[in-house]
Amino acid sequence: MIPDRRRFLTTLAAFAGCPALPALAQRQQPAADFPLFDTPPASHELSHVDVSADGLTYRLFLALPRGAAPSQGWPSLWMLDGNAAFSRLDAAILEAYPGLAVVGIGYPVKEAFDGASRARDYTPVPLEDPMHGRGRDWEFGGEAAFRARLLGPLARVLAERARLDPARRSLWGHSYGGVFALATLLSKPAAFRAYMPISATTGFGGRRLFAMEAEAPRLAAGRAEVLMMLGDSEHRSGTPEPEAPHPNPDTLEMAARLAVRSDLHVQLEVLKGLGHGATFAASFPRCFALAAG
């Protein structure tokens with residue numbers, strides 16, 4: 001809980017192996033702390049607000065540029081897992097992009113991640129058991145409903161609080177959040193100017209995203225930016241680390257499929273030596289630069 005004031009196509013390598021099942025999509029995380037609220041940046045005003053939609057409550061974290069917005073509104077970076085994102089942001093990266101609005105879409109929980117809620121909201125209807133019999137009692141397949149909430153009532157609340165340019169908004173998501181970013185690209189590509197799936201669980205639910213990609217609509221005009229990032233040392237939680245760099249082959253395949261589309265500009269970046277969790281914050285510099293550009 002926050003106190004009132006505080007608290008990609010760069011390389012396509014032919015790697016083989018099994019996709020990682022992300023730890024962040026499974027484990028209960030510790031309580032989040034928010035040092036950014038203790039030492040706020042000079043460039044942005046910070047706030048948070050709880051918003052109800054369809055009987056569910058979301059916590060929106062906002063870092064809004066100080067001063068008058070340009071006539072068309074601020075460019076914005078929308079970050080899923082907003083609790084975790086705002087717990088890991090620091091003043092320096094916001095101050096490096098004083099004209100970028102940053103929005104965290106989170107949940108009213110003490111932890112950095114709400115595992116059950118993100119599983120429900122960020123995933124498409126699976127083709128097979130996403131838990132592979134591991135027995136976790138989670139609901140999956142609600143990404144379409146969540147997208148409607150995100151682009152409907154949640155976006156309206158944001159519009160009341162800040163002038164944001166709808167033509168210059170970007171979507172960032174890690175792990176299951178990366179699944180949602182890809183699902184949105186494959187379902188409603190005009191919703192955002194740029195998509196940033198980080199360490200996405202691209203093999204989710206019997207490779208449901210690949211079935212979506214085969215029927216995905218194209219943009220009627222222009223091109224969307226797609227920045228896909230993943231570590232070369234990601235592996236399933238509880239299994240030995242691979243002896244050699246081992247990027248998720250499903251993600252490499254998805255990047256290759258998307259790269260042939262004329263309406264997308266796809267970049268793939270493999271982060272050397274990084275595991276699944278470490279890519280979360282390691283993605284910030286490139287993603288902020290793209291969102292602000």
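Here is a short chat between a student and a tutor about the structure above.

Student: What kind of model is this, and how are residues numbered?
Tutor: It's a predicted model, where local features need pLDDT of at least 70, side-chain atom pairs count only at pLDDT 80 or more, and totals for chains, interfaces and linings use all residues. Residues are numbered from 1 along each chain as its sequence is written, and side-chain values use heavy atoms, with hydrogens and water left out.

Student: How many helices and strands are there in the protein?
Tutor: You'll find 10 helices and eight strands. These are DSSP runs numbered from the N terminus (helices are H or I with at least four residues, strands are E with at least two).

Student: What makes strand S1 and strand S8 edge strands?
Tutor: Two strands pair if DSSP finds at least two bridges between them. The open sheet has eight strands in the order S1-S2-S4-S3-S5-S6-S7-S8, with mixed pairing. S1 (44–53) and S8 (264–271) each pair on one side only, and those are the edge strands. From one strand to the next, the twist averages 15°.

Student: How do you know that S7 pairs with S8?
Tutor: Pairing takes at least two bridges, and eight bridges join S7 (residues 224–231) to S8, with the two running parallel. Glycine 231, for one, stands opposite leucine 271 in S8.

Student: And which strands does S5 pair with?
Tutor: S3 and S5 pair in the parallel sense over five bridges, with leucine 171 in S5 as the bridge partner of tryptophan 78. Another five bridges join S5 to S6 (residues 194–198), again running parallel. There, tryptophan 172 stands opposite methionine 196.

Student: Why is histidine 44 called buried?
Tutor: Buried means under 20% relative accessible area (exposed is over 50%, partly exposed is in between, using a 1.4 Å probe and protein chains only). Histidine 44 has 0%, so it counts as buried.

Student: What makes the link between histidine 44 and serine 43 a polar contact?
Tutor: A polar contact is a pair of N or O atoms within 3.5 Å; within protein, one must be able to donate a hydrogen and the other to accept it, and residues adjacent in sequence count only if both atoms are side-chain atoms. Here the contact is side chain to side chain, at 2.7 Å, so it fits. The backbone oxygen of leucine 100 also lies 2.7 Å from a polar atom of the histidine 44 side chain.

Student: Why is helix H4 called largely enclosed?
Tutor: Seven of the eight residues of H4 (residues 115–122) are buried, so the rest of the structure largely encloses it. Among the buried ones are Arg118, Asp121 and Tyr122. They pack against S2, S3, S4, H5, S5 and helix H6 (176–187).

Student: Why are H5 and H6 called roughly perpendicular?
Tutor: Angles of 65 to 115 degrees count as roughly perpendicular (under 35 is roughly parallel, over 145 roughly antiparallel, and the rest oblique). Axes are lines fitted to C-alpha atoms, for helices over the stretch in contact, with angles from 0 to 180 degrees between N-to-C directions. H5 and H6 pack at about 80°, with axes 11 Å apart, and they are therefore roughly perpendicular. Contact means heavy atoms within 4.5 Å, and the residues making it include Phe146 of H5 and Phe180 of H6.
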